[in-house]
Amino acid sequence: MSEPRGAAAASTLEPRHEFTVASGEWENLPDAVEDDLMVINMGPQHPSTHGVLRMVLTLDGETVLDNQPVIGYLHTGIEKNTEYRPWVQGVTYVTRMDYLSPLFNELAYCLAVEKLLGITEEVPERASALRVLLTELNRISSHLVWLATGGLELGAISAMIYGFRERETIIDLLEFVTGLRMNHAYIRPGGLSSDVPEGFEDRVRQVLREMPQRIDEFEDLLTENPIWVERNKGVGILSAADCLDLGVTGVMLRSAGIPHDLRKAQPYCGIEQYDFSVPVTETSDAYGRFLIRIREMRESLKIVEQALDALPGGPIMVDDPKIGWPSQLALGPDGIGNAKEYISKIMGQSMEALIHHFKLVTEGFSVPPGQVYTAVESPRGELGYHVTSNGTNKPYRVKVRDPSFLNIGSLPRLTQGLLVADVIAAVASTDPVMGGVDR
Amino acid sequence: MGLEQNLPSGILLTSTERLIGWARAGSLWPATFGLACCAIEMMCTGAAHYDMARFGMEVFRGSPRQSDLMIVAGRVSQKMAPVVRNLYDQMADPKWVISMGVCASSGGMFNNYAIVQGVDHVVPVDMYVPGCPPRPEMLMDGIVKLHEVIKQEQFVERPRKGESMEDFRRRTGWAVGDETDMPGWAATRTQAKGAGGESAEANTMGRLSETAAARGDA
Amino acid sequence: MSEAQAPEGKGGGTGAHADAPGGVGSGNPNQAAGEATKLIERGIEIGLAEPLRQLRDRLVGAFDELEVSAFRGELTLKAHPAQLIELVRFCRDDEDVACELLADLSGVHWPGGQKRESAQETTGWPAYEIGDEDGRIELDYILYSITHNHRFRVRVDLDDKEPRIASVSELYASALFMEREVYDFFGVEFEGHPDLRRILMPDEWEGHPHRKDYPLGGVEVQYKGTTIPPPDERSY
């Protein structure tokens, strides 16, 4: 019988065995009888794993010695589906990957397609400014869902109610603009699908007036709450070197002290003209990530305000009729959406416009062959799109570098030596969205 | 019903089934089974703005053994399908399933190798709520309609543990979603309807039978 | 690729109005197709910003069998599979290159065989551009340096019947998950990976879905009295 595990083992958090973090084959998991360790399965249906994540925990008592995440329970084959649809329809597929920040998915995809087309310069300024405005609003709503579900998992049920209430104000605004509460398919290659309606500015100003107090309420509720602090301070530590080794970017990297944000390092859509700062903490723990997300919400409000103040007029889609989706949409009697003036133009006046419309709707535009990689800073980290085209009207390969995929890969190192309850706090601080992990 | 109209108000006649049906529908506890985007809308439906607690449903039980209703919210992948069935089997009778969203109802926009084309290949579905994702109001509409069905239904067959959906349909004649009434499909409606299915469809709330009458069906 | 320059058009960069002759990407996408391929030659500087040019010179100086190409302001180095580990280690450890992050590892399957014409002009299927070549699986490693703020791609071609290559998981732990994904979807065997098994598909799944010879796998759909075949079997 192996040496008895007594108080000595239980009192420290040091693992007693060396387990490769990458984990071996399933057969090499420790035997429950001989090694006195327990292998517990957490998920995929679990109220506290963010979505369908399954973790196989090897426990010594309550301490986690190894954590093997099993993913793929939401694998949808989105990347393969985009190969069978024209470029513009890829937006509707891609938007459902990371479903809490759909506008970021769309933005990165459209930036990649525009880069392939070579029209990055020609995207109108109004389109770029609106893209920034709406994606920053999306960032706020994504962080609110994180706060809500993170709070719920740790027992702060009010955080859940408050978070979703705040999210409703932002989702209402996005519905006003795009027509949908989630999965908007609003950002299209070349610009936007339609211009913002009347009354947009007033509604955004109203959100800007209300949100700061609401975020203050969150801070009052959680930041100095001793229970919240106890559960999050010192939990889920991943040092900067580990983060970089594991490819982890975003809030987790910034909580480890590295001020890396793609909005500053590789700006997109003219975001460099807005004045905002990137919050960083040095503690690398879950509490630091919480503070960063709260501060990021405030910084995003600053960006939204500046973008709204400086919003230029003009078109919202590139001029090129071979690419620009005819964007004169209006709610007409048939419910389909083409404005009457536009219909009279293509049917009566301009044959060329009719031909372009027909070609764009049936076949779509063709993109020159090549391969690009574009990345944006999504609420979870670096969201990159590696798009390959072979010259036709459908993508050849769309590979998405999703930040949550690598954040889940960091779970073994992140949760080593933690208690089971801390595993939940650590995973929550990672902010995974399984749609992005599994695609 | 005739007797009730002749009595002074304040006196309610009931039968045991209706009492039980009313009790079941009044506090239907859902299991947390959010998979993808629809799960977020389900959470919104449970949150303060579109409150589900008014129907007695804010208690999302973590364990399927303590819940009555499984709202399959999101796309069911091939890897997840056995897990869905496992959870369904763990639920105690009486149990109902709402398939929320088009991905759960029919595979949605993902007609490919990775997604089960409709969760009714795996579990029997009582209410299909379309939408991508359905608005909270749409989900609540589906839930309210399900409440009406629950109040009316007598004992309904459910699949036994480990029984596949094909065997279950052969045994009971439970209709598949795409065989029921859809515009233009009246001619191809199958005759195979079991006892529970028939009565549930025939005497549901006035709105539903009204629609059937308007379509000119039986 | 420095995107700091790219969207704003400062220096080289992408975009319709690059000043170089035959500049990458004129406004008309159909015309750009032919010119872009002409530019993929060794050492052409068009479209690369200055820091990337210096980076390219440094890398080519250290490894002389690299093929360099540039497209839309992005630097791509094509390496031989045997060189990969050395090259990636150099990129990580050298001070001027200093790529701390392996941002992405992806695969693209270019099957061999005859070029297929699309059946109809209007909504044609992707026509394979390769003629009678052997099929290849192209692996792309996107390396990113935070200190120097540059990003470039290392490309490796593998035979598509028996693709195998050394694993970079000792150099970058992020490759653990990413190589499993490439194995799952393309069948590429990474030698030296401690735990190479399927990650997103079920464990018993047969086939590698993202290969071009794997069907999309949809079912036909009933709609108003008729059936519609799945997307990969339609004739329009």
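How are α7(A) and α3(B) oriented to each other?

**Close-up 1. The crossing of α7(A) and α3(B) in the predicted model.** The two helix axes come within 10 Å and cross at roughly 110 degrees, and because an angle from 65 to 115 degrees counts as roughly perpendicular, α7(A) and α3(B) are therefore roughly perpendicular to each other. From α7(A), the residues that take part in the contact are Met160(A), Phe164(A), Arg167(A) and Glu168(A), and they meet Ile40(B), Met43(B) and Cys44(B) in α3(B). Divided by class, this contact holds five nonpolar and two charged residues, with no polar residue.

**Close-up 2. The contact of α3(B) with α6(B) in chain B.** Within chain B, the axes of α3(B) and α6(B) come within 9 Å and cross at roughly 75 degrees, and these helices are therefore roughly perpendicular to each other. On the α3(B) side the contact is made by Glu41(B), Met42(B), Cys44(B) and Thr45(B), which meet Pro136(B), Leu139(B) and Met140(B) in α6(B). The residues of this contact divide into five nonpolar, one polar and one charged. Cys44(B) takes part here, and Cys44(B) is also among the residues of α3(B) that α7(A) meets.

**Close-up 3. The second largest pocket, with lining residues from chain A and chain B.** The space in the second largest pocket amounts to about 850 Å³. Its lining comprises 39 residues, of which Pro47(A), Leu152(A), Met160(A), Thr32(B) and Met43(B) are the closest to the pocket centre. Helices α6 (125-154) and α7 (157-178) of chain A and helix α3 (37-46) of chain B each supply at least two residues of this lining. By class, the lining has 24 nonpolar residues, together with eleven polar and four charged ones. Two of the residues closest to the pocket centre, Met160(A) and Met43(B), also belong to the contact of α7(A) with α3(B).

**Close-up 4. Two cis peptide bonds that lead into prolines of chain B.** The peptide bond from Asp93(B) to Pro94(B) is cis, with omega near -10 degrees, and Pro94(B) has its place in the loop between α4 (81-90) and β3 (96-100) of chain B. The peptide bond from Cys132(B) to Pro133(B) is likewise cis, with omega near -15 degrees, and Pro133(B) is found in the loop between β4 (127-129) and α6 (136-152) of chain B.

**Close-up 5. The backbone at Cys269(A).** Cys269(A) has phi near 55 degrees, which is a positive value in a residue other than glycine. In chain A, Cys269(A) is located in the loop between α12 (262-265) and α13 (286-309).

**Close-up 6. Confidence in chain A and chain B.** For the model as a whole, the scores are ipTM 0.82 and pTM 0.82. Chain A averages a pLDDT of 84, with 88% of the residues scoring at least 70. Among the elements of chain A, helix α1 (residues 7-11) has the lowest mean pLDDT, at 37, while strand β8 (residues 397-401) has the highest, at 93. The pLDDT is below 50 over residues 1-24 of chain A, a stretch that has 29 contacts in the model beyond near neighbours in sequence. In chain B the mean pLDDT is 74, and 72% of the residues reach 70 or more. Residues 178-218 of chain B stay under 50 in pLDDT, and for them the model has 34 contacts beyond four places in sequence.

**Close-up 7. Confidence along chain C.** The mean pLDDT of chain C is 72, and 70% of its residues reach 70 or more. Among the elements of chain C, the lowest mean pLDDT (38) belongs to helix α1 (residues 29-39), and the highest (92) to helix α4 (residues 175-186). Over residues 1-46 of chain C the pLDDT is below 50, and this stretch has 94 contacts in the model beyond near neighbours in sequence. A further stretch, residues 117-130 of chain C, stays under 50 in pLDDT and has 37 contacts beyond four places in sequence.

How values were computed:
Residues numbered from 1 in each chain as written. Chains lettered and ligands numbered in written order. Predicted model: local features only at pLDDT ≥ 70, side-chain atom pairs only at ≥ 80, totals over all residues. Heavy atoms only, no water. 1 Å grid on protein atoms, 1.4 Å probe; cavity = no way out; pocket = protein on both sides within 12 Å on 5 of 7 lines; lining within 4 Å. Points joined across faces, edges and corners; volume = space filled by probe spheres on them. Helix = DSSP H or I, 4+ residues; strand = E, 2+ residues; numbered from the N terminus. Nonpolar A, V, L, I, M, F, W, Y, C, P; charged D, E, K, R; others polar. pLDDT = per-residue confidence, 0-100. Contact = heavy atoms within 4.5 Å. Axes fitted to C-alpha atoms, helices over the stretch in contact; angles between N-to-C directions. Parallel < 35°, antiparallel > 145°, perpendicular 65-115°, else oblique.
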